[in-house]
Amino acid sequence: MFSFDDNLAEANRPYSVDEDLNEAEVNGNWTPQEKALHEARLKAKAKRRLRKSSSRNSTSESFSESGDLVGGDPHSPKGKVNTNDRKSRTGKGRGLPKKGGAGGKGVWGAAGMVYEDEEPDVRDPNYDEAAQGDTVYATVVPEVDERELEKMVNPIVQEYFEHGDTKEVQMLLKGLNLGPHKYEFSSLAVSLSLEGKASHRELTSRLLSDLTGKLLSQSDMARAFDKILKELPDLILDTPEAPQMLGQFIARAIADHILPMSFLDCYKGKVDCEHARVALDRAAVLLTMKREMVRLDNVWGVGGGLRPVKHLIKEMNLLLKEYLISGDVTEAERCLRDLEVPHFHHELVYETIVMVLESKGDTASHMMIKLLKSFWKTGLITVDQMNRGFQRVYEELPEINLDVPHAHSIMETFVDLCYQESVITKQLRDTCPSRLVGHKHC
């Protein structure tokens, strides 16, 4: 007989599928599906028992010699390991805390540990160069290749011929890393000026003088001129006067202390090239001349607008006086072009008219008209410069009349002849002061 409590426990026990299977086995009513399910459950149960037994074995191995459980909480049920403990849970090792007690998530290290400053490692994947406070940035300019040197220097020199500012050239050259080829800048500048005008050669001489001692040394200049002397056979193909002009460059460079005084002595008896000998002889002659005969700072002539206005006026007066003596229009035209001051040609027109007013007879008048007509036809003197020159005389005619009593009548005749030769326009002829005071011409 069962007691009432046993019946109550039996009633409250949950229903198990295994009991149904056992009952079916006893009755011999198993189906194939039920039999396969039963075998799978047995295998799963065996695996759970195997895992429990291995866990018990590892726990038993972690006991110390004193019988205490290493890494376990004695108050925890069944020796459960504390998950918050930082000691090793594998049961292997000496039972010491991991990383000396300084390990674990969110832990900066053991208590009382003092960290020293560490140098950032460039090989660190998280290395940030911009975040380094003491980082010094330096611009590294690659050295200019010898083959690219000419392409980079030519624009600098050509622009310098336009503005004439040596400081800008120095600034541009400092931005280039010319390396051992820096002396070639001087040789390229001289070669380009040989193909240009006299004013370009004057500018080049000034540039070399300003660069010496700052960016280039005397030895660099000596190497540059030595290179040009060797290239003379090729230079004369485009510039037949290259040897004479190079001799003037060398003489000017020695006078400006760009080249050493012993530069010419190094070539005595050692030059086989005929063109180089001509250049060196030209330099030697210029250096041995007396100062009264030639000034080396004026070796390139006037040099355009780089000379004072008084000097230009003096040169134009000399040009006109020589023309009145020789009557050579071509030579006068060449001299005017060599002055390289097209913006100042009105001064030549002014001086021409004043000479006509101050001259005696009609010879000077006819020669000057011929000269102005030639300049007008060739386009050497523009209409603006021609008009400005005549208008300046118109404005100063009252003062000129004090020294030349018949200035008004001479001026009127000269203006009529210029108009007949198509040198001036009808409008410019009609604005002559004598016409405004007297009768009007048709």
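**Side chains in a predicted model**

Let me begin with a single residue: aspartate 338 has a relative accessibility of 40%, so it counts as partly exposed. Good morning, colleagues. The structure before you is a predicted model.

Aspartate 338 has a charged partner. Its salt bridge is with arginine 334, and the closest N and O atoms of the two lie 2.7 Å apart. Why are these two residues separated by about one helical turn? The reason is that they sit four residues apart in helix H12, which covers residues 329-339. Arginine 334, at 41% relative accessibility, also falls in the partly exposed class, because that class lies between the limits of 20% and 50%.

Let me widen the view to charged pairs elsewhere. How many salt bridges does the structure hold? The count is 15. One of them joins aspartate 226 to lysine 230, with 3.3 Å between the closest N and O atoms. These two residues are four places apart in helix H8, and therefore about one helical turn separates them. Their exposure can be stated for each in turn. Aspartate 226 is partly exposed, since its relative accessible area is 21%. Lysine 230, with a relative accessible area of 63%, is exposed. There is also a network of salt bridges, which links Glu202, Arg206, Arg252 and Asp256. In general terms, side chains of opposite charge can pair when their charged atoms come close.

I turn now to arginine 429, which appears in two kinds of interaction. Arginine 429 forms a salt bridge with aspartate 430, and 3.3 Å separates the closest N and O atoms. Arginine 429 also lies over the face of tyrosine 419, at 4.5 Å from the ring centre. Is arginine 429 buried or exposed? Its relative accessible area is 4%, so it is buried. Its salt-bridge partner, aspartate 430, is partly exposed because its relative accessible area is 25%. A further arginine is placed over a ring: arginine 223 lies over the face of tyrosine 183, at 3.9 Å from the ring centre.

Next, the nonpolar interior. The largest nonpolar core has 48 residues, and those with the most contacts inside it are Phe225, Leu229, Leu246 and Ile250. Which elements give two or more residues to this core? They are helices H4 (146-163), H5 (166-174), H6 (183-194), H7 (198-211), H8 (218-238), H9 (242-255) and H10 (274-288). The greatest contribution comes from H9, with eight residues. To see this core from one side chain, consider phenylalanine 225. Leaving aside residues up to four places away in sequence, phenylalanine 225 touches Leu208, Leu246, Phe249, Ile250, Ala253, Leu259 and Phe263. Another core lies apart from this one; it has 44 residues, among them Phe344, Leu357, Met367 and Met386. As a general remark, nonpolar side chains in soluble globular proteins tend to be buried together.

Let us continue with the aromatic rings. In general, a pair of such rings is described by the distance of the centres and the angle of the planes. A search of the whole structure finds four aromatic pairs. One of them, tyrosine 160 with phenylalanine 161, is tilted, at 6.3 Å centre to centre and with 45 degrees between the planes. Tyrosine 160 and phenylalanine 161 are both buried. The rings of phenylalanine 390 and phenylalanine 414 have centres 6.4 Å apart and planes at 20 degrees, and the pair is therefore stacked. This pair links distant parts of the chain, 24 residues apart: phenylalanine 390 belongs to helix H15 (residues 383-403), and phenylalanine 414 to helix H16 (residues 407-420). Both phenylalanine 390 and phenylalanine 414 are buried. Together with Tyr394, Phe390 and Phe414 form one aromatic cluster.

Finally, I draw your attention to two loop residues. Histidine 257 is not a glycine, although its phi is positive, at about 65 degrees. Where does histidine 257 lie? Its place is the loop between H9 and H10. With 58% relative accessibility, histidine 257 counts as exposed. Serine 422, likewise a residue other than glycine, has a positive phi near 60 degrees. Serine 422 lies in the loop between H16 and helix H17 (426-430), and at 48% relative accessibility it counts as partly exposed.

Thank you for your attention.

Technical notes: Residues are numbered from 1 along each chain as its sequence is written. This is a predicted model: local features need pLDDT of at least 70, side-chain atom pairs count only at pLDDT 80 or more; totals for chains, interfaces and linings use all residues. Side-chain values use heavy atoms; hydrogens and water are left out. A nonpolar core is a set of buried Ala, Val, Leu, Ile, Met, Phe, Trp, Tyr and Cys residues joined through side-chain atoms within 4.5 Å. Buried means under 20% relative accessible area, exposed over 50%, partly exposed in between (1.4 Å probe, protein chains only). Contact means heavy atoms within 4.5 Å. Rings of Phe, Tyr and Trp (its six-membered ring) pair if their centres lie within 6.5 Å; planes under 30 degrees apart count as stacked, over 60 as edge-to-face and the rest as tilted. A charge sits over a ring if NZ of Lys or CZ of Arg is within 6 Å of the ring centre and within 35 degrees of the ring normal. A salt bridge is a side-chain nitrogen of Lys or Arg within 4 Å of a carboxyl oxygen of Asp or Glu.
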